[in-house]
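Dear colleague,

Please find the structure below, handed over for your consideration. My notes on what was found in it follow.

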Amino acid sequence: VNAGDALDDALAMPLVDHHCHGVRRDDLTRAAFEGLLTEGGPAPAGTTHFDGPVGLAVRRWCAPVLGLEPYADPEAYLDRRRDLGAVEANRRLLRAAGIADFCVDTGVAGDDLLTPVEMGRLGGARAHEVVRIESVAEEVAGRCPPATAYAAELTDEIARRADRAVGLKTVVAYRIGFDFDPRPPGSREVTAAAARWLAGPERLTDPVLIRHALWTGAEIAGDRGLPLQVHTGFGDTDLTLHRVNPALLTDFIRLVPATVVLLHCYPYIREAAYLATAYPHVYADVGLTVTHTAASSARVIAEMLELAPFGKVLFSTDCYGLAELCHLGAHFFRRSLGAVLTERAGEWPPADLPRVARLIGADNARRLYSLKAA
Ligand SMILES: [Zn+2]
């Protein structure tokens with residue numbers, strides 16, 4: 001077997017998508033579909049989100065999965081999607097991704113999103129749950145416990161949910177950014193903040209309670225050996241980009257008792273690569289970034305691999321809403337990692353390149369999340 005064929009075989013491996021979300025179960029209007037193509041707001045009048053890296057990639061790489069010619073125009077694509085129905089379109093696109101395991105963040109739940117079990121069934125994969133800490137805190141607050149009981153109830157509820165999860169996840173990036181006091185707040189501070197919040201609990205935005213929930217989750221994750229996923233870098237407009245640079249987490253990383261997985265990272269990929277190099281308990285992925293940079297994603301993967309140890313880099317699609325984002329995330333991951341590794345053949349031992357591909361595509365995640373072999 002020559003080295004190129006062996007690398008192609010390795011890249012065709014069933015992947016472990018260590019971070020994704022449910023996709024929509026309903027048929028989508030053009031506006032709804034375009035809204036899910038982007039992390040940002042609606043396209044201004046006279047423009048369309050199909051005119052961008054992801055939109056063009058849908059026409060090129062997803063159209064054939066639905067039985068259309070490559071480059072089908074957006075209307076033809078969406079008509080075909082509706083004719084097939086959401087179940088069949090989702091089934092085709094999720095299966096085309098070639099994923100063996102989905103680790104599904106259930107923090108944004110809704111009747112219109114597939115559950116982890118359904119993602120697994122439609123995608124021909126195993127499914128696992130990742131529990132979002134802030135969503136559990138909001139659920140606990142919704143029961144309106146006395147402020148003095150809030151902390152204990154949150155600990156119990158996160159622990160109970162962690163029993164059947166493979167990891168925990170925090171969206172502190174979206175709520176307060178990373179320039180927060182990295183130490184856990186004191187218990188009197190927590191009770192006082194809980195009393196204010198529980199008077200009319202809504203979205204969790206109080207910095208004391210966010211730090212408290214983060215630390216509660218981190219300690220449970222540490223005790224159980226579960227990784228703590230941290231959204232970093234770009235995302236929707238709830239976050240402020242310069243405050244979610246993962247380098248701002250350095251003091252928290254020094255204190256936290258759990259393994260930390262930095263998600264997405266764009267454009268702070270080199271910062272994440274450095275943290276993964278410097279700290280034994282830090283891992284990183286460029287999921288979401290690979291999907292959204294699409295045809296340019298080899299540059300993103302190359303940047304991560306400039307410095308990060310190959311045993312610390314993970315694959316994810318971070319698909320949300322659209323099964324297209326799952327297929328594209330897997331497609332561009334395979335193609336771009338292949339391009340990056342091929343460029344280094346001769347510099348790095350050619351026989352080792354397939355092994356590096358398997359580490360990043362599946363084996364690192366299996367080890368980290370204690371998943372069984374495919
Ligand atoms: Zn996500």
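**Zinc site, core and cavities**

At 7% relative accessibility, His21 counts as buried, a term that means under 20% relative accessible area, with exposed over 50% and partly exposed in between (1.4 Å probe, protein chains only). Please note that this is a predicted model, in which local features need pLDDT of at least 70 and side-chain atom pairs count only at pLDDT 80 or more, while totals for chains, interfaces and linings use all residues. Residues are numbered from 1 along each chain as its sequence is written, and side-chain values use heavy atoms, with hydrogens and water left out.

His21 (NE2) coordinates the zinc ion together with His19 (NE2) and Asp318 (OD), at 2.0 to 2.1 Å. Donors here are N, O and S atoms within 2.8 Å of the metal (3.2 Å for Na, K and Ca); water is not among the atoms, so sites may look incomplete. Along the chain, the spacing of these donors is H-x1-H-x296-D. His19 is also buried, because its relative accessibility is 1%.

The largest nonpolar core (buried Ala, Val, Leu, Ile, Met, Phe, Trp, Tyr and Cys residues joined through side-chain atoms within 4.5 Å) has 130 residues. Those that touch the most other members are Phe33, Tyr77, Phe102, Tyr150, Leu262, Met304 and Leu337. Helix H16 (residues 323-344) gives the most to this core, 10 residues; helices (H or I, at least four residues) and strands (E, at least two) are DSSP runs numbered from the N terminus. Beyond its neighbours within four places in sequence, Phe102 has contacts (heavy atoms within 4.5 Å) that include Asp17, Cys20, Met119, His128 and Cys326.

The structure also holds 2 cavities of 30 Å³ or more. A cavity is a set of points, on a 1 Å grid over the protein atoms alone, where a 1.4 Å probe fits but cannot get out; lining residues have an atom within 4 Å of a point. The volume is the space filled by probe spheres set on the points, which are joined across faces, edges and corners.

The largest cavity encloses about 50 Å³. Its lining consists of Val286, Ile301, Met304, Leu305, Val313, Leu314, Phe333 and Ile360. Helix H15 (297-307) and strand S8 (313-314) each give two or more residues to this lining, and H15 supplies the largest share, 3 residues.

The second largest cavity has about 40 Å³ of space, and the residues that line it include Gly287, Val290, Phe315 and Ser316.

Yours sincerely

Key:
On a 1 Å grid over the protein atoms alone, a cavity is a set of points where a 1.4 Å probe fits but cannot get out, and a pocket is an open set with protein on both sides within 12 Å along at least five of seven lines; lining residues have an atom within 4 Å of a point.
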